[in-house]
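Open the model in your viewer and keep the selection tool at hand. This tour makes two stops.

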Amino acid sequence: MSIPEPFTDVEIETADSGFYENYSVPIALISKAIMVGLVLWALVFPANANSTLGSLNSQLLEVFNSFYIVIVGFFFFFLAVVAIIPSTGRRIMGTPGEKPEFSNFSWFSMMFGAGLGVGLMVFATAEPLGLWGSNPVVVSGAVEGNTPEALQSAYRFTFLHYGFHAWAIYVVTGLSLAYYAYTRDMPLTIRSALTPLFGRFVNGFFGHVVDVLGVVATILGVSVTIGYGVSQFIDGLYAITGMQWIMDLGGEVPTPSKVGLISGLVVIMGLSIISAVSGVGRGVKYLSNLNLVLSIILLGTFVVFGSFVFAMTTYGTAMVDYVLHFLSLSFNAYGPLSAEAFAAALPAEAQAHAADLMGGATNAWGSFDGFKGGLEGAAAELDEATLAAAYAAGEQGRQFGWQAGWTTFYWAWWIAFSPFVGLFLARISKGRTVREFILGCVFAPALVCFAWMTVLGGTAIDLELAGAAEGAIIGASNTNKLFTTLSYMIDGGLLSMLNVMCVILIMTFLVTSADSGILVMNTIMSGGSQETGIKHRIIWGVILTAVIGALILAAGENNPMDALRNAMIIGALPFTMVMGLMCVSLAKALFRDSQRDKHSASSTQAAE
């Protein structure tokens, strides 16, 4: 029995002339309408936009937090199975016998440049330090935060957020795009990955919706990345120049002001747009090489002047702990705790005070002492054992709040970034086997992330454990923790030189990320074409700048990143569902292609 040939006639209608020449008008207009609408809403009604985004995000997480956690765990194990099965793992993404386009060294270098960058600059110290103070083991009360006992669990979740699960998200998108592009000669765009399930329906409005979801997710994912990067860029400028107008000095610790953030954003995005217009974008690989060299210098500085032995010991023990807890990290999801369930779990003498106890007992960012200190009236008069039982009754609520605010944020961020990084990985991986692509893009970069986090973050933690920093690094803002760590590690001219180098590194990372993100958006809107119009790059550069700036301003007195984070988590949810369909679609395509190969081989033998 013959196997029917796969559907490959993806037709994305593009304009033959005019302003949108070679672009899909529906995809471009719908994407612009969504993002311009978001900008206008945030500018005209900033308080309403900020509160609505926050409220909608909270409501969605109550329903979909477990979905985010479980599907990301599924992504990793799906890829593992695909790589292990001989018939799928050895399949070449290209014509039979085709060799890889790039050497292994170039392939790895470009991969790191795409998936790593601003996130590692901001969170290399902030992530381990933050998790040292608060993680699910600390939230449960098993250990106290910021103590030697909390170190193991801190790195367990650091490795979770920057490890195999995170890179599996990129690879699901990248593998789906690469497989259809190179084995079936289909356009390098999101809708192509769903053809085994939906066939010719991807040529209509449904296909437009899928591509628009990819564009929107990319914009919001890149926006959050640039938002954090610009904040660190301003922190670095302040460390170098001492310019007070770019900082808000009224709080407990200096943080970038709205004026500083908008000024930095305009500078960074202006450079990105100039890069796109002038053709300097063609030299992104040279900027990537510069980024790599400066990153190695920064890492080398921490190796020489930091706590390298402490870091390597931590790396080894953390890796073992991460592997041992891998399954629970993959699928252990929490739902919200209802008031009724909380009241039912309280001791009898505390049930009358359930309403007064629940807020503090379910606060993921508090502590038992903070819970007791915040009580008033009759609830405050309950004995210590009863209060301890009440706090224990709220553990599920605390675990849900922590997971939704930390791990799920990361999964949404990686998912929103996956059209950008996945498309890039697909572009550079022609001629690779499926197994080589999965192993190379999931495990190799994750191991580098682990080393980066333990060397830089481990030094910061060791400075705090030894009492040298006296809480200064913990107390610094997330985007300033790297510069604060450097100030306690070295001084003098070397410190000044490294601060300048870090600012340059952040700036080049930001410019290349923004420029590449704009390119990916235009690639999707042009039906997979790698040659996109300069005027459209300029327009999307301006729109991206407006989205970030408007949402920073909409946050009001709150953390400037709050509105960006909320919008990104909301925008990533539909694309998460698309990625789930990608996995089902890819599984069907691989299975049917294996059947076709077997049928072809048996037909050949019969003919002989």
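**Stop one: Leu-357**

Select Leu-357: its relative accessibility is 0%, so it counts as buried, the cut-off being under 20%. Keep in mind that this is a predicted model.

Now widen the selection to residues 354-361. This is helix H16, and Leu-357 sits in it.

Which residues is Leu-357 in contact with, leaving aside its neighbours within four places in sequence? Select Phe-342, Leu-346 and Ala-350 to begin. Then add Phe-371, Leu-375 and Ala-379. Finish with Leu-382, Leu-387 and Ala-390.

Stay with one of these contacts, Phe-371. Draw a distance between the C-alpha atoms of Leu-357 and Phe-371. It reads 8.3 Å, and the two residues are 14 apart along the chain.

**Stop two: a cavity**

Next, look for enclosed space. Rolling a probe the size of a water molecule over the atoms shows where empty space is left.

How many cavities of 30 Å³ or more does the structure hold? There are two. Go to the second largest, with a volume of about 40 Å³.

Select its lining in two steps. Start with Asn-57, Leu-60, Leu-61, Phe-64 and Tyr-68. Then add Ile-569, Ile-570 and Leu-573.

Now show helix H2 (46-84) and helix H26 (562-607): each supplies at least two residues of this lining. Which helix gives the most? H2 does, with five residues.

Last, colour the lining of this second largest cavity by residue class. Seven residues are nonpolar, one is polar and none is charged.

Conventions
Residues numbered from 1 in each chain as written. Predicted model: local features only at pLDDT ≥ 70, side-chain atom pairs only at ≥ 80, totals over all residues. Heavy atoms only, no water. Helix = DSSP H or I, 4+ residues; strand = E, 2+ residues; numbered from the N terminus. Buried < 20%, exposed > 50% of the residue type's maximum accessible area, 1.4 Å probe, protein only. Contact = heavy atoms within 4.5 Å. 1 Å grid on protein atoms, 1.4 Å probe; cavity = no way out; pocket = protein on both sides within 12 Å on 5 of 7 lines; lining within 4 Å. Points joined across faces, edges and corners; volume = space filled by probe spheres on them. Nonpolar A, V, L, I, M, F, W, Y, C, P; charged D, E, K, R; others polar.
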